[in-house]
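Please look through the structure shown below, with its chains side by side, before reading on. The paragraphs that follow begin from a single side chain and widen from there to the interface, the sheets and the core.

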Amino acid sequence: MVFTEVSVDSIDGPALLAKVGADEDGAAILFLGVVRDHAEGRQVQGMRYDAYPEMAEEVLKEIAVEATEHLGTDRIAIAHRFGELEIGDISVGIAVSSPHRSEAYEASRYVIEEIKKRLPIWKKEHYIDGVSEWVKGSIPPGTGLDSSVHSVPSADDELV
Amino acid sequence: MSVSIRTLFFAAYRDRLGVSELLIKLPTGSTVADLVVELRGRGTPFDSLPEEPAIAVNQIYSFLDQPLVVGDEVAFIPPVAGG
């Protein structure tokens, strides 16, 4: 089964893993994205994730279905969180299972890379000095624009 | 004749504009590009929006030449950074 969720609820990794798996599967893996305490040399004390929730649900479903092609099974469960997160909180969880390990690793990697390219979610880092900034992002494919990485300007910059 | 388009702003764009949602009235037959021109023409802070922003229409990434019809929902999408 394909399971996807975008919500403000905390992510339960083992519960995601429990959603995948079958008698024919010899591999089951769980990837967790976790909020860390630093970014590009700056100390981070927390992170705010913003989402376009209805669209993110749809895009995440698309990504999951695409990943089943790599997986060779439909056993995939993905959760992405938004809202205010603390250091150590899980922002994204990806569980997959397949008969052999290589398909599971490939599918998991595919999902996280596609999330970064096109899931309509944004994050703002809160630094220990009290400053907060939006993290550099990617222009999503499908918009007819250059998809290379662009910076999100700070409040004092022109938005480009 | 005109159409009213529900227009959404997220993350850096919402911060900058101080608004998350607007109802924008446009002449019938307008495209996403026309909506961008209309908004930027309102002056500060709207003129800080990109001339060519990433856009989703009805929650699907779309090109700027997409025609808009009654009931469409347009979202201005800053560079995304999930994960």
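In this predicted model, A:Trp122 counts as buried because 26 C-beta neighbours lie inside 10 Å of it, where 20 or more are needed for that label. The residue has its place in strand 8 of chain A, which covers residues 121-127. Which residues does A:Trp122 touch, not counting those up to four places away in sequence? Within chain A they are A:Asp50, A:Trp134 and A:Gly137, while from chain B they are B:Phe10, B:Ala11, B:Pro78, B:Val80 and B:Ala81. With A:Leu16, by contrast, the relation is one of separation, the two C-alpha atoms being 23 Å apart with their positions 106 residues apart along the chain.

One of the partners of A:Trp122, namely B:Ala11, deserves a look of its own. B:Ala11 lies in helix 1 of chain B, and its phi is near 50°, a positive value in a residue other than glycine. B:Ala11 also counts as buried, because it has 27 C-beta neighbours inside 10 Å.

These contacts lead on to the interface between the chains, in which 25 residues of chain B are in contact with 35 residues of chain A. On the side of chain B that touches chain A, the elements that give two or more residues are helix 1 (11-17), strand 3 (54-57) and strand 5 (73-77) of chain B. Helix 1 gives the most to that side, with 5 residues. By residue class, the side of chain B that touches chain A divides into 18 nonpolar, 4 polar and 3 charged residues.

Turning to chain B as a whole, one finds 2 helices and 5 strands, which follow the pattern β-α-β-α-β-β-β when read along the sequence. The radius of gyration of chain B is 12 Å, close to the 12 Å that the globule rule gives for 83 residues, so chain B is as compact as a globular protein of that length. Taken along the principal axes, the C-alpha atoms of chain B fill a box of roughly 40 × 30 × 20 Å, and buried residues make up 35% of the 83 residues in the chain. Of the contacts in chain B with a separation of 6 or more, 51% are accounted for by residues 24 or more positions apart.

The 5 strands of chain B form an open sheet in the order 2-1-5-3-4, with mixed pairing. Its edge strands are strand 2 (21-27) and strand 4 (60-62) of chain B, each of which pairs on one side only, and the twist from one strand to the next averages 35°. Within this sheet, strand 3 and strand 5 of chain B run antiparallel and are joined by 4 bridges, and the bridge partner of B:Val57 in strand 5 is B:Val74. Helix 2 of chain B, residues 32-40, packs on the sheet and touches strand 1 (2-9), strand 2, strand 3, strand 4 and strand 5 of chain B, with a direction that makes about 110° with that of strand 2.

Two loops of chain B carry backbone features of their own. In the loop between helix 2 and strand 3 of chain B sits B:Pro45, and the peptide bond that leads to B:Pro45 from B:Thr44 is cis, with omega near 0°. In the loop between strand 3 and strand 4 of chain B lies B:Asn58, which has a positive phi of about 50° although it is not a glycine. B:Asn58 counts as partly exposed because it has 14 C-beta neighbours inside 10 Å.

Chain A has a sheet to set beside this one, an open sheet of 4 strands in the order 1-5-7-2, again with mixed pairing. Strand 1 (2-7) and strand 2 (27-34) of chain A are the edge strands, and neighbouring strands are turned by 5° against each other on average, direction ignored. Strand 2 and strand 7 (residues 90-98) of chain A pair in the antiparallel sense over 8 bridges, and A:Phe31 stands opposite A:Ile94 in strand 7. Helix 2 of chain A packs on this sheet, touching strand 1, strand 5 (76-81) and strand 7 of chain A.

Finally, of the 58 residues in the largest nonpolar core, A:Ala56, A:Ile76 and A:Val111 touch the most other members, and helix 2 (residues 53-71) of chain A gives the most to this core, with 8 residues.

Terms used: Residues are numbered from 1 along each chain as its sequence is written. Chains are lettered from A and ligands numbered from 1 in the order in which they are written. This is a predicted model: local features need pLDDT of at least 70, side-chain atom pairs count only at pLDDT 80 or more; totals for chains, interfaces and linings use all residues. A nonpolar core is a set of buried Ala, Val, Leu, Ile, Met, Phe, Trp, Tyr and Cys residues joined through C-beta atoms within 7 Å. A residue is buried if 20 or more other C-beta atoms lie within 10 Å of its own, exposed if 12 or fewer, and partly exposed in between; C-beta atoms are placed from the backbone. Two residues are in contact if their C-beta atoms, placed from the backbone, lie within 7 Å. Ala, Val, Leu, Ile, Met, Phe, Trp, Tyr, Cys and Pro count as nonpolar, Asp, Glu, Lys and Arg as charged, and the others, Gly among them, as polar. Two strands pair if DSSP finds at least two bridges between them. Axes are lines fitted to C-alpha atoms, for helices over the stretch in contact, and angles run from 0 to 180 degrees between N-to-C directions. The radius of gyration is taken over C-alpha atoms; the globule rule is 2.2 Å times the number of residues to the power 0.38.
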